[in-house]
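These are my notebook entries on one chain. I set down what I looked up, in the order in which I looked.

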Amino acid sequence: VQLQASGGGLVQVGGSRRLSCAASGNTASFLRVNVMGWYRQAPGKQRELVAAITGGGMINYSDSVKGRFFVSRDNSKNMVYLQMNSLKPEDTAVYYCNLGGTLVRTGQYWGRGTLVTVSS
């Protein structure tokens with residue numbers, strides 16, 4: 001399985017950014033039934049859950065992003081998205097997509113991260 005995240009960059013405080021993650025390399029049915037998640041790692045901190053979504057659309061958000069970030073997926077395209085609004089400096093991190101875990105635990109498949117920098 002390969003995961004490719006994109007959409008990172010520099011954004012001002014209060015701005016928005018949309019991240020995308022494309023999954024490939026396995027059967028479509030495998031991808032669709034598995035949880036896809038977004039995690040992030042800020043400098044000097046541990047990687048943490050941002051949001052995760054099941055194939056059927058159940059979602060879990062970390063408390064720090066609830067109401068600001070929105071995760072979605074397009075099973076027909078094997079894509080997962082993270083819409084980030086009202087960005088704060090503390091959202092600055094490398095964002096990773098993940099496949100195969102649960103709504104609260106990582107799976108074994110990771111993509112390369114994409115850096116989001118929120119400038120004040």
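The entries below go from the whole chain to its strands and then to its aromatic rings.

**Entry 1. The model and the chain as a whole**

I note at the outset that this is a predicted model. I looked up the secondary structure and found 1 helix and 11 strands. Read from the N terminus, the order of elements is β-β-β-α-β-β-β-β-β-β-β-β. I then compared the radius of gyration, 13 Å, with the 14 Å that the globule rule gives for 120 residues; the two are close, so the chain is as compact as a globular protein of that length. The C-alpha trace spans about 45 × 25 × 25 Å along its principal axes.

Next I turned to burial and contacts. Of the 120 residues, 43% count as buried. The chain exposes about 6100 Å², and carbon and sulfur atoms supply 49% of that area. Among contacts with a separation of 6 or more, 54% are between residues 24 or more positions apart.

**Entry 2. Strands 7 and 8**

I asked which side chains of strand 7 are buried and which are not. Phe69, Val71 and Arg73 point to one face and are buried. Phe70, Ser72 and Asp74 point to the other face and are not buried. I recalled the general rule that side chains in a regular strand alternate between the two faces of the sheet.

Strand 7 runs antiparallel to strand 8 (residues 79–84), and 6 bridges join them. The two strands form a hairpin with 4 residues between them. In the turn, asparagine 78 has a positive phi of about 55°. Serine 72 stands opposite tyrosine 81 of strand 8. Tyrosine 81 also appears in another note: the charged end of arginine 18 sits over its ring, 4.0 Å from the centre.

**Entry 3. Strand 9 and its partners**

How many residues of strand 9 are buried? I counted 7 of its 9 residues as buried, so I record the strand as mostly covered.

I then listed pairings of strand 9:

- Strand 4 runs antiparallel to strand 9, with 7 bridges between them; valine 35 has glycine 101 as its bridge partner.
- Strand 11 (residues 114–119) pairs with strand 9 in the antiparallel sense over 3 bridges; here valine 94 stands opposite leucine 115.
- Strand 10 pairs with strand 9 in the antiparallel sense over 2 bridges; asparagine 98 has tryptophan 110 as its bridge partner.

**Entry 4. The aromatic rings**

I found 2 aromatic pairs in the structure. In one of them, tyrosine 39 and tryptophan 110 meet edge-to-face, 5.4 Å centre to centre, with 70° between the planes. This pair links distant parts of the chain: tyrosine 39 is in strand 4 and tryptophan 110 in strand 10, 71 residues apart.

I asked why tyrosine 39 counts as buried. Its relative accessibility is 5%, and buried means under 20%, so tyrosine 39 qualifies. Tryptophan 110, at 32%, counts as partly exposed.

The other pair joins tyrosine 96 and tryptophan 110, again edge-to-face, at 6.2 Å centre to centre and 90° between the planes. Tyrosine 96 is in strand 9, and 14 residues separate it from tryptophan 110. At 15% relative accessibility, tyrosine 96 counts as buried.

Tyr39, Tyr96 and Trp110 form one aromatic cluster. Lastly, I noted that arginine 47 lies over the face of tryptophan 110, at 4.5 Å from the ring centre.

Methods: Residues are numbered from 1 along each chain as its sequence is written. This is a predicted model: local features need pLDDT of at least 70, side-chain atom pairs count only at pLDDT 80 or more; totals for chains, interfaces and linings use all residues. Side-chain values use heavy atoms; hydrogens and water are left out. Rings of Phe, Tyr and Trp (its six-membered ring) pair if their centres lie within 6.5 Å; planes under 30 degrees apart count as stacked, over 60 as edge-to-face and the rest as tilted. Buried means under 20% relative accessible area, exposed over 50%, partly exposed in between (1.4 Å probe, protein chains only). A charge sits over a ring if NZ of Lys or CZ of Arg is within 6 Å of the ring centre and within 35 degrees of the ring normal. The radius of gyration is taken over C-alpha atoms; the globule rule is 2.2 Å times the number of residues to the power 0.38. Contact means heavy atoms within 4.5 Å. Accessible areas come from the Shrake-Rupley method with a 1.4 Å probe; for residues, only the protein chains shown count as cover. Two strands pair if DSSP finds at least two bridges between them.
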